[in-house]
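Take a look at the model below before reading on. The text follows one part of its sheet and then turns to the nonpolar core.

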Amino acid sequence: MTTHDEEQCIDWREEAQAVIRDVGFALKTITISTNLPQSSTEIYFNVETKEGKKFCVELSSYGFRVVSDYFDKVEETYKDQTYYETPYALMDKYSSQFRECFAAALEKKLNQLSS
């Protein structure tokens, strides 16, 4: 199967919902953009960190990438063109409070396992 065939098999809306469930607890808000066109190869999120930073994130087969410092906007020449393999890696760079929330949640789960 080629990469193009694999992209055709991915339900990006379902992937996006899973991301929201996974990381939403450590953000102020994360929603699927309703103003940007979604396609069979990508989907966009509007994200606001607990620090109040807002940005638009693309999710595609390349990974996660911030595309703008505004909701519902794609800037082709955005300053950071880095694709991150996971939403955790992306958010770790952009939000120290995300990192803290994630670490606290992980610690709580580990403590529950050891009890």
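**A hairpin and its surroundings**

In this predicted model, strands β2 and β3 make a hairpin with 5 residues between them. The turn contains glycine 52, whose phi is positive, at about 95°.

Strand β2 covers residues 42–48 and runs antiparallel to β3, with 7 bridges joining the two. One of the paired positions is isoleucine 43, which has leucine 59 of β3 as its bridge partner.

On leaving β3, the chain enters a second hairpin, in which 2 residues lead from β3 to β4. Strand β4 spans residues 63–68 and is also antiparallel to β3, here through 5 bridges. Within this pairing, cysteine 56 is matched with serine 68 of β4.

Strand β3 therefore deserves a look at its accessibility: of its 7 residues, 54–60, 6 are buried, where buried means under 20% relative accessible area.

The largest nonpolar core has 23 residues, and those touching the most other members are Ile30, Phe45, Val47, Phe55, Val57 and Leu90. Two or more residues of this core come from each of α2 (12–23), β1 (29–32), β2, β3, β4 and α3 (87–94). The largest share belongs to α2, which gives 5 residues.

Phenylalanine 55 can be followed in detail. Beyond its neighbours within four places in sequence, phenylalanine 55 is in contact with Phe45, Asn46, Val47 and Thr49, with Val66, Ser68, Asp69, Tyr70 and Phe71, and with Leu90, Met91 and Tyr94. Three of the residues named here, Phe45, Val47 and Leu90, are listed with Phe55 among the core residues that touch the most other members.

How values were computed. Residues numbered from 1 in each chain as written. Predicted model: local features only at pLDDT ≥ 70, side-chain atom pairs only at ≥ 80, totals over all residues. Heavy atoms only, no water. Buried < 20%, exposed > 50% of the residue type's maximum accessible area, 1.4 Å probe, protein only. Helix = DSSP H or I, 4+ residues; strand = E, 2+ residues; numbered from the N terminus. Pairing = 2+ DSSP bridges. Core = buried A, V, L, I, M, F, W, Y, C linked by side-chain atoms within 4.5 Å. Contact = heavy atoms within 4.5 Å.
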